[in-house]
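Student: Could you take me through one part of this protein slowly? I'd like a close look at the sheet and at what sits around it.

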Amino acid sequence: MNLTQISPSLRYCAPSIGLYFNTPSSLRRHRRLRLPTALPPTTSSVPKTTATIISFLPRFLNPNFVTGNCLLSRMERFWSGSGIGTNKEMVENLQNYGVVRSKKVSEVMESVDRAFFVPDGVPPYVDTPVPIGYNATISAPHMHATCLQLLEKHLQPGMRALDVGSGTGYLTACFALMVGPKGRAVGVEHIPELVASSIKNIEKSAAAPLLKEGSLSVHVGDGRQGWAECAPYDAIHVGAAAAEIPPALIDQLKPGGRMVIPVGNIFQDLKVVDKDTDGSINIRDETSVRYVPLTSREAQLGDN
């Protein structure tokens, strides 16, 4: 898709690479990024009526850190370290850009080799989302790291974590290592073939003993309904974009717990949902993202 042909009504500029893309005027009010601009705006190349500049170098000074499943994923190879050859180098790259900031997250990501969780023949350590079949993807490493950082305090030993849309099982395995054998990590995925392959992936990873012991499990189910059997959860991660936050996931979030979930259609934000000890809910936007939709199995596969 040629992004410059979407609409003539509104143009955003990425001054570091001279890239433009357009969005309809009717959607302007929804495009409210909280990310700081890393480079000064170059207004000479932008229409005077549209002064908004979006830099694709926000926060971590790396262009592909804008999203998990990026509209510009094909261009990420310019910045994502395509020469990285090991899982450890991938994590070190994320540390260098400030995405991985804690010792625990770096240890877990180094322990769970991403190579076991991407399709054969795909470079596993490039910081880009990868199609895994069934109209699904595994998110880019920086997005996994971002979510692990946001959830770290809720992934302490003995806690419970739910991974909705668990896909290849990568993040579920990371959760399991963080909460440990006395905790519980649950993955829910509505594509049976992905559940079966994710279990095989986990069996090859550092999380294999936890799968065998039963503190880690992956189930076929509609993630929008959560997994009530092991609720409530200290941490909930949703790996696809919901039109709105599913009430069942709010209900299954433990008081004091946190959920991270992308919300939106064309424009999406990664929401951080905190449930206070009194049950009240606080929601804030973390960053703008682009994920596949959280939907039914039939709609995802195009069977409807």
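Tutor: Sure, let's walk along the sheet and then visit a few side chains. Keep in mind that this is a predicted model.

Start with the overall layout. Seven strands form an open sheet, and their order is β7-β6-β5-β8-β9-β10-β11, with mixed pairing. At the edges you'll find β7 (216-220) and β11 (281-289), each of which pairs on one side only. On average, neighbouring strands of this sheet are turned by 15° against each other, if you ignore direction. As for what holds such an arrangement together, strands of a sheet pair through backbone hydrogen bonds, either parallel or antiparallel.

Let's begin at the β7 edge. Strand β6 (residues 184-189) pairs with β7 in the parallel sense, over five bridges. If you want a spot to zoom in on, find E189, which stands opposite V220 in β7.

Now look for helix α4 (residues 170-179). α4 lies across β5 (160-164), β6, β7 and β8 (233-238), and runs at about 165° to β6. This helix also contains Y170, which forms an aromatic pair with F117. The pair is edge-to-face, with 5.6 Å from centre to centre and 80° between the planes. A search of the whole structure finds one aromatic pair, so you've just met it. F117 sits in the loop between α2 (103-111) and β3 (130-133), so the pair ties together parts that are 53 residues apart in sequence. Both partners are tucked away: F117 is buried at a relative accessible area of 1%, and Y170 is buried at 2%.

Back to the sheet, and on to β8. Four bridges join β8 to β9, and these two strands run parallel. One place to see this is A235, whose bridge partner in β9 is R258. Between these strands comes helix α7 (residues 247-252), and β8, α7 and β9 together make a right-handed β-α-β unit.

Strand β9 (residues 253-264) deserves a pause. Nine of its twelve residues are buried, so β9 is largely enclosed by the rest of the structure. On from there, β9 pairs with strand β10 (residues 268-275) in the antiparallel sense, over seven bridges. A hairpin through three residues joins β9 to β10, and G264 has Q268 in β10 as its bridge partner.

At this end of the sheet there's a salt bridge to look at. Side chains of opposite charge can pair when their charged atoms come close. Here D285 pairs with K271, and the closest N and O atoms are 2.7 Å apart. D285 is in strand β11 and K271 in strand β10, so to speak distant parts of the chain, 14 residues apart. D285 is buried, with a relative accessible area of 13%, and K271 is buried too, at 19%.

For a contrast, try the helices α1 and α2. K88, E92 and E110 are linked there in a network of salt bridges. E92 and K88 meet at 3.8 Å, N to O, and both lie in helix α1 (residues 87-96), four residues apart, about one turn of the helix. K88 also meets E110, at 3.7 Å, which links helix α1 to helix α2 across 22 residues. These side chains are partly exposed: K88 has a relative accessible area of 44%, E92 has 32% and E110 has 32%.

Note on methods:
Residues are numbered from 1 along each chain as its sequence is written. This is a predicted model: local features need pLDDT of at least 70, side-chain atom pairs count only at pLDDT 80 or more; totals for chains, interfaces and linings use all residues. Side-chain values use heavy atoms; hydrogens and water are left out. Rings of Phe, Tyr and Trp (its six-membered ring) pair if their centres lie within 6.5 Å; planes under 30 degrees apart count as stacked, over 60 as edge-to-face and the rest as tilted. Buried means under 20% relative accessible area, exposed over 50%, partly exposed in between (1.4 Å probe, protein chains only). Two strands pair if DSSP finds at least two bridges between them. Axes are lines fitted to C-alpha atoms, for helices over the stretch in contact, and angles run from 0 to 180 degrees between N-to-C directions. Contact means heavy atoms within 4.5 Å. A crossover is right-handed if, with the strands pointing away from the viewer, the path from the first strand over the helix to the second runs clockwise. A salt bridge is a side-chain nitrogen of Lys or Arg within 4 Å of a carboxyl oxygen of Asp or Glu.
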